[in-house]
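Me: Please take me through this structure in questions and answers, with the reasoning spelled out for someone who works at the bench.

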Amino acid sequence: MQKTWRWFGPKDPITLEMLKQIGVEGIVTSLHHIPNGEVWSLEEINKMKDFIEDHGLVWSVVESLPVSESVKYGGEDRDELIEKYKESLANLGKAGVKTICYNFMPVLDWARTDLEYPNPDGTSNLYFNRAEFAYFDINILKRDGAEKDYDEETLRRMREEVAPKMNVKAEKRLVDNIIVKTQGFVNGNISENDLNPVEKFKGLLGLYKGIDKKQLKDNMAYFLNAIMPVCDEYDINMCVHPDDPPMAILGLPRIVTCDQDIQDFLDAVPNKHNGLTFCAGSLSAGAHNDVPALAKKYAKRTHFVHARICNVMPDGDFKESTHLDPRLVDIVKTFEKENPEVPMRVDHAPLMLGDEKMGYNAGYSFHGRMLALGMVSGIMAAVASQS
Ligand code: DNO
């Protein structure tokens, strides 16, 4: 696999010079300054590409070229937005940047309740607490009928363990973690500048009234069918990111959650340019997924790999595991054998050794990711020595 790194552009405190020193071969980035839905001009693309290449690196993957909400729910302006998306793709193709990661998650890109969950060794991790998430849904969003989406045990934990600890500050932190800090930097719907994120969020949820899984799948197929001619012309590989976590949340449908879903979107638009971002971490956050088996099944349809893996607790909470987890070793082995050229980046590593003071985007520490890259590189070297 090609060793890549998610870099957030010239304002990222982690510089390309630093990345060269730690063995990174390719860069994963986006034009974060261009608002969602606007065309990426060839000029802006080339500016970024030249900057990366001037540092002796290559722009391996775009993560992400965001799909506007209206394309997902099928709004009136979707065809117009898809035309703009096609223009951006054509410009990327002309510049030679040909692997494009996107997602089809309604409203919320990825979700965690805690961004600095302390570990016994002094590091901290991202964490998803189901009972805290239920508290956000039921008591903060006050979504109609939310209670019925949670099992009895989660509701008991919410009442007995979460609610007594809540106050204005704790609620604000939960809102920040779930819909603000995890969204802004991925060009999501809510940013740190929004004065009332909860109200804005409720409005966005309203856009999906009446949209079920089937409708969302149809909308994804509509989008893919529309863009495939451009992908064919420029040999662009589209790779959808699985839903994180891989299940319906907040009453919203999610459609890239399991084996069947993956098979469905691949079958819906049978074109080699329609592929997957194999985010082992997202898929592993659902106990229903056997992620090493999915890697074997879909290695050849994968255009981009996110290396990380989660442990799901019996109560449905989950947390990232070490990058040396045997399941990840197995997955790395699979990709090294089945798709050795595929770009891979390590994902969501702990905060450690001063990372916590640096204000990095949630999940994107420097020391934590550097250690993770060292671990995955070690696994790759061991696999190479055995073959
Ligand atoms: C979170 C990321 C996601 C991912 C997008 C791709 O850390 O894995 O935000 O970049 O879903 O579109």
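Me: Is Arg173 buried, partly exposed or exposed?
Reply: The model is a predicted one, in which local features need pLDDT of at least 70 and side-chain atom pairs count only at pLDDT 80 or more, while totals for chains, interfaces and linings use all residues. Residues are numbered from 1 along each chain as its sequence is written, and side-chain values use heavy atoms, with hydrogens and water left out. Buried means under 20% relative accessible area, exposed over 50%, and partly exposed in between, with a 1.4 Å probe and protein chains only. Since the relative accessibility of Arg173 is 47%, this residue counts as partly exposed.

Me: Which residue forms a salt bridge with Arg173?
Reply: A salt bridge is a side-chain nitrogen of Lys or Arg within 4 Å of a carboxyl oxygen of Asp or Glu. Arg173 lies in helix α7 (residues 168–180) and its partner in strand β5, so the pair ties together parts that are 59 residues apart in sequence; helices (H or I, at least four residues) and strands (E, at least two) are DSSP runs, numbered from the N terminus. That partner is buried, with a relative accessible area of 13%. With an N to O distance of 3.4 Å, the residue that meets Arg173 is Asp114.

Me: Which residue of β6 is the bridge partner of Asp114?
Reply: Two strands pair if DSSP finds at least two bridges between them. Strand β5 is joined to strand β6 (residues 124–128) by 3 bridges, and the two run antiparallel. Within β6, the bridge partner of Asp114 is Tyr127.

Me: What is the order of the strands in the open sheet?
Reply: The sheet has 4 strands, with antiparallel pairing, in the order β5-β6-β11-β10. Its edge strands, each pairing on one side only, are β5 (114–118) and β10 (310–312). The twist from one strand to the next averages 35°, where axes are lines fitted to C-alpha atoms, for helices over the stretch in contact, and angles run from 0 to 180 degrees between N-to-C directions. The order asked for is β5-β6-β11-β10.

Me: How far apart are the closest N and O atoms of Arg157 and Asp317?
Reply: Arg157 sits in helix α6 (residues 152–162) and Asp317 in the loop between β10 and β11 (318–320), so that this pair links distant parts of the chain, 160 residues apart. Both Arg157 and Asp317 are buried. The closest N and O atoms of their salt bridge are 2.8 Å apart.

Me: Which residue forms a salt bridge with Lys214?
Reply: Lys214 counts as exposed at 55% relative accessibility, whereas its partner is partly exposed, with a relative accessible area of 36%. Both lie in helix α9 (residues 213–234), 4 residues apart, which is about one turn of the helix. With closest N and O atoms 2.8 Å apart, the partner is Asp218.

Me: What is the order of the strands in the barrel?
Reply: The barrel is closed by 8 strands, and their pairing is parallel. Its neighbouring strands are turned by 30° against each other on average, direction ignored. The order is β1-β2-β3-β4-β7-β8-β9-β12.

Me: Which residue of β3 stands opposite Val28?
Reply: Val28 belongs to strand β2 (residues 26–29), where Gly26 and Val28 on one side and Ile27 and Thr29 on the other are all buried, so that both faces are covered. In pairing with strand β1 (residues 2–6), which is parallel and has 3 bridges, Val28 is the partner of Arg6. Another 4 bridges join β2 to strand β3 (residues 58–63), again parallel. There, the residue opposite Val28 is Val61.

Me: Within what arc do the buried residues of α14 fall?
Reply: Helix α14 (residues 367–386) has buried residues including Leu373, Val376 and Met380. The arc is that of the directions from the helix axis to the C-beta atoms. Seen down the axis of α14, the buried residues line one face of the helix, because they fall within an arc of 165°.
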